[in-house]
Amino acid sequence: MKTICFYFQIHQPFRLKRYRFFDIGNDHYYYDDFSNEEIIRRIAEKCYIPANRTILDMIKSSGGKFKVAFSISGTAIEQMEIYAPEVIDSFKELAATGNVEFLAETYSHSLASLADKEEFKDQIRMHKEKIHSLFGVTPKVFRNTELIYSDTISEWVYKAGFKGMITEGAKHVLGWKSPNYLYTSKVQPLLKLLLKNDRFSEDISDRFNNYAWNEYPLTADKFISWIAETPPEQQIINLFMNYEVLGSYHPAESGIFDFFKALPRFAAEKEIGFILPSEAFNLLKPVDSISVPYPMSWVDEERDCSAWLGNLLQQEAFTKLKEIVERVRLCEDRRIRQDWNYLQSSDHFYYMSTKHMGGGVFSPYDNPYEAFNNYMNVLSDFILRVEAQYPTSIENEELNSLLTTIKNQGLEIESLKKELDKFKKNETVTEVKKGKK
Amino acid sequence: MKALMFGWEFPPHILGGLGTASYGLTRGMALQPDMDITFVIPKPWGDEDQSFLKIVGACNTPIVWRDVDYNYVKNRLGEKMSPEEYYKLRDNIYADFSYRGVNDLGCIEFSGRYPDNLLEEINNYSIVAGVIARAESFDVIHAHDWLTYPAGIHAKQISGKPMVIHVHATDYDRSRGNVNPEVYAIEKNGMDFADHIITVSNLTRNTVIEKYHQDPSKVTTVHNAVEPLSQDIVSIQDKRGVKDKVVTFLGRITMQKGPEYFVEAAAKVLEKADNVRFVMAGSGDMMNQMVRLAASRNISDRFHFTGFMKGKQVYEVLKSSDVYVMPSVSEPFGISPLEAMQCGVPSIISKQSGCAEILDYAVKVDYWDIEAMADAIYGIITYPAMYQFLKEEGKKEVDNIKWEYAGQKVRRIYDQVMNK
């Protein structure tokens, strides 16, 4: 039986406010609360709430046959908690049906997978904890920021305790191979991979509302029949897209909600089922391994990481961020940890992209240069705060050993104290004994 | 002695150094008891200081007869011009300009800035000058910068009075040598017609003599000066939030100002010192290029851009600075280092700037010599004695550069051309 695997990405960054040179050292709050609230409220109203309702209806009316997977970034969850708590409630309702799976990712939708293994693992752990605390489930399948994947990352993901990961089925990687099978990583054969079916995913995410498309209008009937026409041995069709496709990229008037609602019925007619990523990893057998020496993603025609790290500005900003990772790891200040997370969101780098000058990129800034200047000013202030805790005059290794020494000394003092207490007790006991004599 | 001056900018609405210089000079000249100045600008806003001169707006001067009643004119022009003045100018319309686009008062609209159709605006300005020159009585014409030369020539031809032109900049400075032929033609024409040419520095004087082929005896240098700081500027506090030293570049980020040498020098300083930040304040067509350059030198966490600064913001930046750098490739005068020194900020200026001729207590380097520039920056931020010395002596020096003296020099030139 053929199955469809639906996965939706949900992410919102904490956008930065206009942060000037004079704010450096004076102002340690970096976020544009007004626009963050405005954007999350707007998207919740247009997309998250009606889309969740639609999916809940679909699960119920299909008799539990319809299934979807979500990955919600930690920063998105936090903003929902603050500005749109009703969205969290509706996700809880979805989670209760058991037909919804939550995937693990880096907490702030970061680019840590391209930089630092420890940081990467740390952010995954944070995200797992957040998901567990809200929905009571621990994610078993991993999904990296914007489906970024490479051989190195597959190794890291496996070491972080995952058996399955979902990623992009880029043409330059797959070649003649079909994404409609289960694969494994070349370097880590125990990590199984689900690859996005570009054509079918983009039929919905990009072309659904395109009047110029020769297949317009796309109906559920037609779409399912295309899937049914794929060779019978191809078992799984992976439809991965941004959740905002429902209601935000394609407005409700385009009929996107009705399109989704009709999917389970036509799928049932053609005997096509729905499957969750974790089920697919258990049920299906991998047919081959794929090798990806250079990172790929699901963004742009190139399907690489050039949208975030393509130009000089982005590389500079990312390098400066990487340079302080070890320092920040030593910090225990909660506000520093929090800002550290928020500043890592890949979106900040995306705004600096010069690939689509003059349009295409959604950005709160007028141009990439402004995005860069603003981010660097904020980062400069952040670095100052980290340095205030641990001055740069001490090398990392030295600092680390000093910190361990302090910690060890603390432990030693404690154990010695215990010993001392023991002797004191003994002494009193012997004194008492002596007294008796 | 009555002077009719043509200018393009006047504070508080200024776009560059021209407005500041026009204000300072006229103020300095007004200290002479028998001096009477009428200052024409394209578009007054009504909030200009008119206590020491009379401002006439070209955009309020009729060139086409319109039958409008007193109260209507009063309403429309408000503070900018009195109805009497309007009627006086209206009586001097000299030709039929109704084919040009004019408004309900018979006036041409001006942007008062540097728009894309600048040449057309310059031409309109000289049409208006014809009306004003007929209506006003004056002894001498004084035109500030090339934009107003055609107006000055027009006024001279009508009145037969001598014309002095004031060269604040030439196109050779703005373009690093690749002059715009149209601009050059206007500049050359203005200089040829002038009875005397005032330049703001010897550097500019040489350009005028060599590139515009003027008779040296006709060209005199009158260096610019600075207005003393007002009390509310003196009281601005250092607002910086960082403990680091701050090195500032302030001005338009364009080819003329040599911003790339500042970035390169910053990279060199940051190799040796880590207690310093660099600020590039201002905007311009090379800004994005500079952002990239700083990023490629890996100094973006210590090199900051502020965007366009105006009015008080300029002084806020200066007050928070330890060093001011002006690496201009070719600067006719350059008033901003003087302002920095007034604020007690040690300055490093390029030898290719006019103000280098009159400043002794500023560090002078060739604009291209980034190593010398880096060396000077490093010295000032590292050795307190050098910082203190330049701060105190520089302030003393610049406090003695007064517009009053510059005004007296201009007056001597007026006397000279009138006695010819």
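The side chains of Asp301(B) and Lys320(A) meet in a salt bridge, with 3.3 Å from N to O; the term denotes a side-chain nitrogen of Lys or Arg within 4 Å of a carboxyl oxygen of Asp or Glu. Between chain B and chain A the count is 1 salt bridge. The model is predicted, so local features need pLDDT of at least 70 and side-chain atom pairs count only at pLDDT 80 or more, while totals for chains, interfaces and linings use all residues. Residues are numbered from 1 along each chain as its sequence is written, chains are lettered from A and ligands numbered from 1 in the order in which they are written, and side-chain values use heavy atoms, with hydrogens and water left out.

The contact between the two chains involves 24 residues of chain B and 20 residues of chain A, where contact means heavy atoms within 4.5 Å. The size of an interface is often given as the accessible area lost when the parts come together. Here the area buried between chain B and chain A is about 2,000 Å², and carbon and sulfur atoms give 60% of it; buried area is the accessible area (1.4 Å probe) that two parts lose on being put together, summed over both. Of the area that chain B buries against chain A, Arg292(B), Asp301(B) and His304(B) supply 26%, more than any other three residues. Asp301(B) is thus named twice, as a partner in the salt bridge to Lys320(A) and as one of these three residues.

Polar contacts add to this picture: 9 residue pairs between chain B and chain A are in polar contact, both residues being at pLDDT 80 or more. Such a contact is a pair of N or O atoms within 3.5 Å; within protein, one must be able to donate a hydrogen and the other to accept it, and residues adjacent in sequence count only if both atoms are side-chain atoms. On the side of chain B that touches chain A, at least two residues each come from β9 (276–281), α11 (287–296), β10 (303–307) and α12 (312–319) of chain B. Helices (H or I, at least four residues) and strands (E, at least two) are DSSP runs, numbered from the N terminus. The largest share of this side, 7 residues, is supplied by α11(B). By residue type, the side of chain B that touches chain A divides into 10 nonpolar, 8 polar and 6 charged residues.

One of the elements at this interface, α12(B), also has buried residues, namely Val314(B), Tyr315(B), Val317(B), Leu318(B) and Lys319(B). Buried means under 20% relative accessible area, exposed over 50%, and partly exposed in between (1.4 Å probe, protein chains only). The cover over the buried residues of α12(B) includes α9 (231–234), β8 (245–250), β9, β11 (323–326) and α13 (336–342) of chain B.

In chain A, a set of paired strands can be followed from β4 to β6. Two strands pair if DSSP finds at least two bridges between them. Strand β4 (residues 141–143) of chain A pairs with β5(A) in the parallel sense over 3 bridges, and Val141(A) stands opposite Gly164(A) in β5(A). Strand β5 (residues 164–167) of chain A is covered on both faces, with Gly164(A) and Ile166(A) buried on one side and Met165(A) and Thr167(A) buried on the other. β5(A) also pairs in the parallel sense with strand β7 (residues 192–195) of chain A, over 4 bridges, and the bridge partner of Thr167(A) in β7(A) is Leu195(A). Strand β6 (residues 182–185) of chain A pairs with β7(A) in the antiparallel sense over 3 bridges. Within that pairing, Thr184(A) stands opposite Lys192(A) in β7(A), and the two strands form a hairpin with 6 residues between them.

Over all chains the structure holds 49 salt bridges. In one of them, the side chains of Lys130(A) and Glu81(A) meet at 3.1 Å, N to O. Lys130(A) lies in helix α4 (residues 117–135) of chain A and Glu81(A) in helix α2 (residues 74–83) of chain A, so this pair ties together parts that are 49 residues apart in sequence. Lys130(A) counts as buried because its relative accessibility is 18%, whereas Glu81(A), at 35% relative accessibility, counts as partly exposed.

In chain B, the side chains of Asp49(B) and Arg27(B) form a salt bridge of 3.5 Å, N to O. Asp49(B) lies in the loop between β2 (36–41) and β3 (54–57) of chain B and Arg27(B) in helix α1 (residues 17–30) of chain B, so the pair ties together parts that are 22 residues apart in sequence.

Conventions
Nonpolar A, V, L, I, M, F, W, Y, C, P; charged D, E, K, R; others polar.
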